[in-house]
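Thanks for coming, everyone. Let me put the sequence and the structure up, and then I'll walk you through some of the side chains.

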Amino acid sequence: MTSTSTPWGLARFNDLGESAARAALHEACAATAWADRLLAARPYATADDLYAASDAAMADLTAADLAEAMAGHPPIGRPKPGDPTSAREQRGMAGASEELKAQMLELNLAYQEKFGQVFLICAIGRTGEQMRDAVRERLGNTPEQEREIVRTELGKINRIRLARLVEED
């Protein structure tokens, strides 16, 4: 039984069976090692405890784990069809001009060629122009620098998605 002071969405997450909880976490992040760590630490007393566990798990992900997490993200400017989370998170590109969309496609391809993965950024609240400028800037990074930036951006995305999970009624 969960405490009455635990937010409803968090209590529900704590009470889910392992396979259902794993599926919910997979919606937030595709990295199996991350989900394993979060599942092992249940139940969570507060959402902040869950976020701290997520941050700690993210910090420990290997390059292969990060690649697994990245596989769950579509390129900026091309949200997954029929996926409201993807569309919501990439809202800044929704009204972009054809010129900006073409620039993003070109930059996404250059990024993917250099780093072997999609360009990832926490897009919530960013305009298409801000995302374009970020990918341009990050193309100058080394693979090691970019891996740590991706880790940070994934951590931000995971927190937003976890917040949505535990705040749902």
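Let's start with leucine 39, which lies in helix H3; helices here are DSSP runs of H or I, at least four residues, and strands are runs of E, at least two, numbered from the N terminus. Leucine 39 is buried, with a relative accessible area of 11%. For that label, buried means under 20% relative accessible area, exposed means over 50%, and partly exposed is in between, with a 1.4 Å probe and protein chains only.

One thing to say early: this is a predicted model, so local features need pLDDT of at least 70 and side-chain atom pairs count only at pLDDT 80 or more, while totals for chains, interfaces and linings use all residues. Residues are numbered from 1 along each chain as its sequence is written, and side-chain values use heavy atoms, with hydrogens and water left out.

Back to leucine 39. What is leucine 39 in contact with, leaving aside its neighbours within four places in sequence? Glu18, Ala21, Arg22 and Leu25, where contact means heavy atoms within 4.5 Å. Take alanine 21: leucine 39 is 18 residues away from alanine 21 in sequence, and 7.4 Å away in space, C-alpha to C-alpha. Two of those partners turn up again, since Glu18, Arg22 and Asp36 are linked in a network of salt bridges.

And how many salt bridges does the structure hold? There are 10, counting a side-chain nitrogen of Lys or Arg within 4 Å of a carboxyl oxygen of Asp or Glu. In general, side chains of opposite charge can pair when their charged atoms come close.

Stay on helix H3 for a second, and look at arginine 37. Arginine 37 forms a salt bridge with aspartate 60, and the closest N and O atoms are 2.5 Å apart. Aspartate 60 is in the loop between H4 and H5 while arginine 37 is in helix H3, so this pair ties together parts that are 23 residues apart in sequence. Arginine 37 counts as partly exposed, at 38% relative accessibility.

Next up, arginine 159 and aspartate 55, whose side chains meet in a salt bridge at 2.6 Å, N to O. Here the pair links distant parts of the chain, with arginine 159 in helix H10 and aspartate 55 in helix H4, 104 residues apart. Arginine 159 is partly exposed at 36% relative accessible area, and aspartate 55 is partly exposed too, at 30%.

Now for a pair in another setting. Arginine 138, in helix H9 (residues 128–138), meets glutamate 146 in a salt bridge, 2.4 Å from N to O. Are these two buried or exposed? Arginine 138 is buried, with a relative accessible area of 6%, and glutamate 146 is buried as well, at 1%.

Arginine 138 also leads us to some rings: beyond its neighbours within four places in sequence, its contacts include Tyr111, Phe115 and Phe119. Those three form one aromatic cluster. The whole structure has 2 aromatic pairs. Rings of Phe, Tyr and Trp (its six-membered ring) pair if their centres lie within 6.5 Å, and planes under 30 degrees apart are stacked, over 60 edge-to-face, and the rest tilted. Tyrosine 111 and phenylalanine 115 have ring centres 4.7 Å apart and planes at 50°, so that pair is tilted. Both lie in helix H8 (residues 98–115), 4 residues apart, about one turn of the helix. Tyrosine 111 and phenylalanine 119 have ring centres 5.3 Å apart and planes at 80°, so that pair is edge-to-face. Tyrosine 111 and phenylalanine 115 are both buried, and so is phenylalanine 119.

One more ring: the charged end of arginine 42 sits over the ring of phenylalanine 13, 5.5 Å from its centre. That label needs NZ of Lys or CZ of Arg within 6 Å of the ring centre and within 35 degrees of the ring normal.

Phe13 belongs to the bigger picture too. The largest nonpolar core has 47 residues, and Phe13, Trp34 and Leu154 are among those with the most contacts inside it. Such a core is a set of buried Ala, Val, Leu, Ile, Met, Phe, Trp, Tyr and Cys residues joined through side-chain atoms within 4.5 Å. Which helix gives the most to this core? H10, with 7 residues.

Last, confidence. The chain averages a pLDDT of 87, and 85% of the residues score at least 70; pLDDT is the predictor's confidence in each residue, from 0 to 100. Among the elements, helix H3 has the highest mean, 97, and helix H6 (residues 84–89) the lowest, 60. Where pLDDT is low, the predicted coordinates should not be read in detail.
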